Amino acid sequence: MPAPLMDTYSPPDLNFERGEGAYLYEQGGDRYLDFISGIAVNGLGHAHPKAVAALKAQAEKLWHTSNMFRVPGQLELAEKYCRDSFADRVFFTNSGAEAVECAIKTARHYHFAHGRPDRYRVITFTGAFHGRTYGAINAGGNPKYLEGFGPAMEGFDQVEFGDHDALKAAVTEETAAIIVEPVQGEGGVRAIPDICLRGLRELCDEHGLLLIYDEVQAGAGRTGKLWAHEWAETAQPDIMAVAKGVGGGFPMGACLATEAAGDHMKIGTHGSTFGGNPLAMAVGNVVYDELTSDGFLQHVVDISNTMRQQLAGLADEHADKIEELRGRGLLIGLKLKDGYVNKTLAAKARGHHLLMGAAGDNVARMAPPLIITEDHVREAIGALDKALGELTPEAS
Ligand SMILES: *Cc1c(COP(=O)(O)O)cnc(C)c1O
């Protein structure tokens, strides 16, 4: 890594210079099949013509005014988000972590505004990931991300993923909200069963808690529904954080809330210089229109079924190395058996020009663009088959 950059990442020795659809092209011209899409971001693939046109057109008109002035694209996109979801109020951000921060602030402030400032604690789950800002690492609770940054922040109660009794016991008079990813991404691509989301909704209703979904990774069509929690039908949140896929590669996110959970967020309670800037809104509107266009989500359902069938076949063939196929829709995890290493598998796949990622719990992760075809799936499975064939046990 060149010295002037903080050493926070360890990218492979590749320099991508252009992308088109599901492919990335290296400086030398080598083509890679992108089955990670900037970690579940480029849902429409690279250089989608409508997104490029919208960004170019906006770039020639107006880049930025800040939220001192009205940004018409915000109203347009917020109306679309609210039209098709549980939400009535939207705050635009630049990133997922900021959307999570807004969600947590909104939940705490709701109780404050209702005369209960003592209700500020937030229940979270092991294996959660909510971003890398100070509030978000504390909500995520991963000791690796907290170490070295001073005392842990007060007000988060972490419960073992799947332990229903511990969850009930964690609810106190001081609890404000529960935050959960309907499909845990970084933590190991673990989908929460629909019935458990419904259980969370009931628990929140029973105790007057707000239910916050972090759909930064699983939202924006990735699971085959616009928002992942829609699979659980009645388990709607009060507040939801989104980002990654909603901008298709342009940095943006949003915090959505119901009228009841969001109408107390008035002047002075929150803000952002860049959030919802005209360039982001130009792209965000195109992305949303594509995701909600006729047949788009059905395509995601169909192609993810194809992909999962073929992966199940691969998991059988390599049953000595693959323990489990995880996730939902096109958020896919391959949990490897002990002794095999997810990052090594990703490196081997790269050797066969397939890009994939790694998540926690020794899971290899795939999050391809939502526009992939059966040909792309076949190509990916072929490369993954070879990579798995080359994978050898490592001392851990
Ligand atoms: C990536 C991610 C975040 C953080 O988003 P950033 O844009 O990196 O700040 C938060 N929550 C979940 C579930 C994520 O996957």
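This note sets out, in numbered points, several helix contacts and two buried residues of a predicted model.

1. Helix 13 comprises residues 374-390, 17 residues in total. At 1.5 Å a residue, helix 13 should span 24 Å, and the distance between its end C-alpha atoms, 25 Å, agrees with that expectation. The buried residues of this helix are His376, Val377, Ala380, Ile381, Ala383, Leu384, Ala387 and Leu388. Several of these names return in the points on its partners below.

2. The contact with helix 11 comes next. Helix 11 covers residues 296-317, and its axis comes within 10 Å of the axis of helix 13, with a crossing angle of roughly 20°. The two helices are therefore roughly parallel to each other, since angles under 35 degrees are classed in that way. Their crossing is right-handed. On the side of helix 11, the contact is made by Ile303, Thr306, Met307, Gln310, Leu311, Leu314 and Glu317. Helix 13 contributes Glu374, Val377, Arg378, Ile381, Leu384, Asp385 and Leu388. By class, eight residues of this contact are nonpolar, two are polar and four are charged. Among the helix 13 residues in this contact are Val377, Ile381, Leu384 and Leu388, which are also listed as buried.

3. Helix 12 also packs against helix 13. Helix 12 consists of residues 342-351, and the axes of the pair lie 8 Å apart at an angle of about 125°. Helix 12 and helix 13 are therefore oblique to each other. As with the previous pair, handedness can be stated: helix 12 passes helix 13 in a right-handed crossing. Leu345, Lys348 and Ala349 of helix 12 meet Leu384, Ala387, Leu388 and Glu390 of helix 13. Five residues of this contact are nonpolar, none is polar and two are charged. Leu384 and Leu388 take part here and also in the contact with helix 11.

4. A further pair is formed by helix 3 and helix 10. Helix 3 spans residues 72-83 and helix 10 spans residues 278-291; their axes come within 9 Å and cross at roughly 25°. That angle makes helix 3 roughly parallel to helix 10. The crossing of helix 3 and helix 10 is left-handed. From helix 3, the residues in contact are Gly73, Gln74, Glu76, Leu77, Lys80, Tyr81 and Arg83, and they meet Met281, Gly284, Asn285, Tyr288 and Asp289 of helix 10. The residues of this contact divide into four nonpolar, four polar and four charged.

5. Tyr110 belongs to helix 4, which covers residues 96-113. Its relative accessibility is 18%, so Tyr110 counts as buried, the cut-off being under 20%. Leaving out residues up to four places away in sequence, Tyr110 touches Leu210, Ala260, Ala261 and His264. Gly333 lies 223 residues from Tyr110 in sequence, and the C-alpha atoms of the two are 36 Å apart.

6. Val363 lies in strand 17, residues 363-366. With 0% relative accessibility, Val363 counts as buried. Apart from neighbours within four places in sequence, Val363 is in contact with Gly188, Val189, Arg326, Gly333, Leu334, Lys335, Asn342 and Ala358. Of these partners, Gly188 is 175 residues away along the chain, yet its C-alpha atom is separated from that of Val363 by 5.6 Å. Gly333 thus appears twice in this note: as a contact of Val363, and as the residue whose C-alpha atom is 36 Å from that of Tyr110.

Technical notes. Residues are numbered from 1 along each chain as its sequence is written. This is a predicted model: local features need pLDDT of at least 70, side-chain atom pairs count only at pLDDT 80 or more; totals for chains, interfaces and linings use all residues. Side-chain values use heavy atoms; hydrogens and water are left out. Helices (H or I, at least four residues) and strands (E, at least two) are DSSP runs, numbered from the N terminus. The expected span of a helix is 1.5 Å times one less than its number of residues. Buried means under 20% relative accessible area, exposed over 50%, partly exposed in between (1.4 Å probe, protein chains only). Axes are lines fitted to C-alpha atoms, for helices over the stretch in contact, and angles run from 0 to 180 degrees between N-to-C directions. Angles under 35 degrees count as roughly parallel, over 145 as roughly antiparallel, 65 to 115 as roughly perpendicular and the rest as oblique. A crossing is left-handed if the near helix is turned anticlockwise from the far one by less than a right angle, and right-handed if clockwise. Contact means heavy atoms within 4.5 Å. Ala, Val, Leu, Ile, Met, Phe, Trp, Tyr, Cys and Pro count as nonpolar, Asp, Glu, Lys and Arg as charged, and the others, Gly among them, as polar.
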